[in-house]
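Welcome, and please get your viewer ready. We will begin with a small detail and then step back to the whole chain.

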Amino acid sequence: MKYIDEFRDRNLCLCLIKKMESIMGDSEVTIMEVCGTHTMSIFRSGIRSLLPQSIRLLSGPGCPVCVTPAAYLDHAIALSETEDLIIATFGDMMRVPGSISSLETKRAAGKKIAVVYSPLDALNIARNNPDKKVVFLAVGFETTSPSVAVTAIEAKKMGISNLYFLSAHKRIPPALRLLAEDSELKVDGFILPGHVSTIIGVNTYLFLAEGYGIPSVICGFEPLDILQGICMILYQLKERRAAVEIQYRRVVKNDGNPGAMALLNKVFIEKDSEWRGLGTIANSGYAMGEEYKELDAGEVFRLKERPSVENEGCICGEILKGRKVPNQCPHFGGNCTPYSPLGPCMVSSEGSCAAYYKYG
């Protein structure tokens, strides 16, 4: 398969493993893969079992479903009780637990909750149901938020007045700063998300190297991408330097995607945002800007702040911060499995608990 098989070449992978062993010597290194897609790729391709034992990989908070707080689900569930209202959401959100229920449970009870594949699907639902209000659950990082921005712009242009967005969009750089400042974490290097970086570019990560001296590499998602990215981090550590480098150059440009960023800045404003497990992080979220306030479900339906209530004993928060790994959770594989998850890390296809359960 052109452009796939080349990045899964076994012999090249083994060459990179040999190279790591020669770079490492006796030193030990902890590297965090920030993105949930990297976590799944690392497990699926067996990278963990191939790496020298002195290299420790940690999973970070880069799964959009996992970091969406329970309070946000509670708002969505409460909205689903509204007469003549349809909730439109990506499928991953259906089974994520709120404080006492989930969207899946509500749909089974007869509430109108539609699974969509893009924000434009929600726009079509609104257009085809003018007598209903449609609320799209807008979650995800800088990768998905531009498509929501485009949908909001289209809705205004088309005069569709029954579509609203409940925004829980997140910005990755502020979360990385929080992790870099965590004295308990002690991460020697970051594998940065390729698709987010396609939008935001490189400069927004420079604080990791310049402020905290942490080597970082933007990686693609195939086995050779990840192994080469780890090698690049090891070289930086060996040479006692810290930089933000791009391994994923076939996709990521230094300045990202200015067009997508312009759309984000047109529709959204930055705001403080709550992350499941990490708490509220300054300027780490996107809210609808003044020009698009009439599409903001939080404003239109006057949703009030509410505290998140997590399932007792679930340690997804500690896992998202990299302080614990899934099999340290007493519920892992017992009363918490992908078939009956207690927390979002076991629900999401990019969640680290789901990855450990399936491949660990």
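Which residue in strand 2 is the bridge partner of cysteine 35? Select cysteine 35 and look across to strand 2: the partner there is glycine 62. Keep in mind as you go that this is a predicted model.

**Next, select residues 29-35 and 55-62.** The first range is strand 1, and strand 1 pairs with strand 2 in the parallel sense. Six bridges join strand 1 and strand 2. Now keep just residues 55-62, which form strand 2. Is strand 2 mostly covered or uncovered? Mostly covered: of its eight residues, seven are buried.

**Now show the protein chain as a cartoon.** You will find 16 helices and 11 strands in the protein chain. Its radius of gyration is 21 Å, close to the 21 Å that the globule rule gives for 360 residues, so the protein chain is as compact as a globular protein of that length. Turn the C-alpha trace along its principal axes, and the spans are about 65 × 45 × 45 Å.

**Then bring up the contacts.** Among contacts in the protein chain with a separation of 6 or more, 77% are between residues 24 or more positions apart.

**Last, switch on the surface.** The protein chain exposes about 15900 Å², with carbon and sulfur atoms supplying 49% of that area. Of the 360 residues, 55% are buried. To finish, color by charge: there are 39 positive and 40 negative charges in the protein chain, and their mean positions lie 2 Å apart.

Notes. Residues numbered from 1 in each chain as written. Predicted model: local features only at pLDDT ≥ 70, side-chain atom pairs only at ≥ 80, totals over all residues. Heavy atoms only, no water. Buried < 20%, exposed > 50% of the residue type's maximum accessible area, 1.4 Å probe, protein only. Helix = DSSP H or I, 4+ residues; strand = E, 2+ residues; numbered from the N terminus. Pairing = 2+ DSSP bridges. Rg over C-alpha atoms; globule rule 2.2 N^0.38 Å. Contact = heavy atoms within 4.5 Å. Areas by Shrake-Rupley, 256 points an atom, 1.4 Å probe, with all protein chains shown as cover. Lys, Arg positive; Asp, Glu negative; His and termini not counted. Charge placed at Lys NZ, Arg CZ, Asp CG, Glu CD.
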